[in-house]
Amino acid sequence: MSEDDTTRLNPSKLGTKKYWEDFYALEKSNFEENPEDTGECWFSDSDAELKMVDFLFDNMDSLGKQNGDIKICDLGTGNGHLIFTLREEGFKGKLVGLDYSENSVAFCKEILKEQHDGDDKMVFEKCDILNDDEAIFEMGKDEDKFDVVLDKGTLDAIALSDSRYKDDKLGVELYPSNVKRLLRKDGILLISSCNFTENELVKIIESEQEFKKWKCVEYPSFEFGGVKGQTICTIAFKKTIV
Ligand SMILES: C[S@@+](CC[C@H](N)C(=O)[O-])C[C@H]1O[C@@H](n2cnc3c(N)ncnc32)[C@H](O)[C@@H]1O
């Protein structure tokens, strides 16, 4: 990446694991005091969560499976809000929430126990998507992999870190190839970002050649100084090769 590459962001505390550990420790303790407080829903001002859920229901047929057979992963699940909403909105398949924050996973498991007890098709696991040694990468056969990977704000957080990984890559550079390993052929990565424009997001994800932009979710756009823009983008990418 060159210095003026707009997909490279300045590091911030939101790019650190400590920030998210502290964040979900606080959300968990708030929930323990008030069971109605299940925490922050990121990008709720843009209705991103419902738009992602609607997109999945509208495009379920193209996954070639029945509702109950579809396997979805929410990457960087935080407080699991997206997973719980999918279930509440009628998604019947397996839902796996992954996050590198132990407090996030503990918090999600607590909500699961308190509010969705007995639903063994919802699972939360600790996993760092940038760590090649995670067990989740050993799913074996293509048909055992996820049909859909969701990301709401996780790549945004990853892009705010200057940590280096395999082959000296930044997280934002390693992300597409590691996410690809979670998906079956023709599986979908549905990703929402407020840090990147549509063009930037396409550039990042399609740096992994097996990903091709498939569809975009529409949001209201604003115009300022003759330039059109929007505060968030949600794009679906299809993994084209096994
Ligand atoms: C902006 S929050 C979004 C949380 C959730 N998706 C939502 O919409 O509420 C970013 C999330 O990404 C998680 N995260 C950041 N880097 C990660 C990584 N390398 N692997 C897995 N999760 C990560 C953080 O712990 C945090 O839960």
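Q: Which residues come nearest of the 18 around the ligand?
A: Happy to start there, keeping in mind that this is a predicted model. The ligand has 18 residues around it. Those that come nearest are Trp42, Gly76, Asp99, Asp128 and Lys152.

Q: Which residue has a side-chain N or O atom 2.8 Å from a nitrogen atom of the ligand?
A: Let's go through the polar partners of the ligand one by one. Tyr100 places a backbone N or O atom 3.3 Å from a ligand nitrogen, and a polar backbone atom of Ile129 is 3.2 Å from a nitrogen atom of the ligand. Those two use the backbone, whereas the 2.8 Å pair involves the side chain of Asp128.

Q: How much of the ligand's exposed area does the protein bury?
A: Taken alone, the ligand exposes 590 Å². The space it takes is the largest pocket. Of that exposed area, the protein buries 97%.

Q: Which helix gives the most residues to the shell around the ligand?
A: Two good candidates are helix 1 (17-33) and helix 5 (154-158), as each supplies at least two residues of the shell. By class, the shell divides into nine nonpolar, six polar and three charged residues. The top contribution is three residues, and it comes from helix 5.

Q: Which side chain is joined to that of Glu110 by a polar contact of 3.5 Å?
A: Now for a look at helix 4 (residues 102-115), where Glu110 lies. Leaving out residues up to four places away in sequence, Glu110 touches Lys28, Phe31 and Glu32. The polar contact of 3.5 Å links the Glu110 side chain to that of Lys28.

Definitions and conventions:
Residues numbered from 1 in each chain as written. Predicted model: local features only at pLDDT ≥ 70, side-chain atom pairs only at ≥ 80, totals over all residues. Heavy atoms only, no water. Near = heavy atom within 4 Å. Polar contact = N/O pair within 3.5 Å; in protein donor to acceptor, adjacent residues only side chain to side chain. Areas by Shrake-Rupley, 256 points an atom, 1.4 Å probe, with all protein chains shown as cover. 1 Å grid on protein atoms, 1.4 Å probe; cavity = no way out; pocket = protein on both sides within 12 Å on 5 of 7 lines; lining within 4 Å. Sits in = over half its atoms within 2 Å of the grid points. Helix = DSSP H or I, 4+ residues; strand = E, 2+ residues; numbered from the N terminus. Nonpolar A, V, L, I, M, F, W, Y, C, P; charged D, E, K, R; others polar. Contact = heavy atoms within 4.5 Å.
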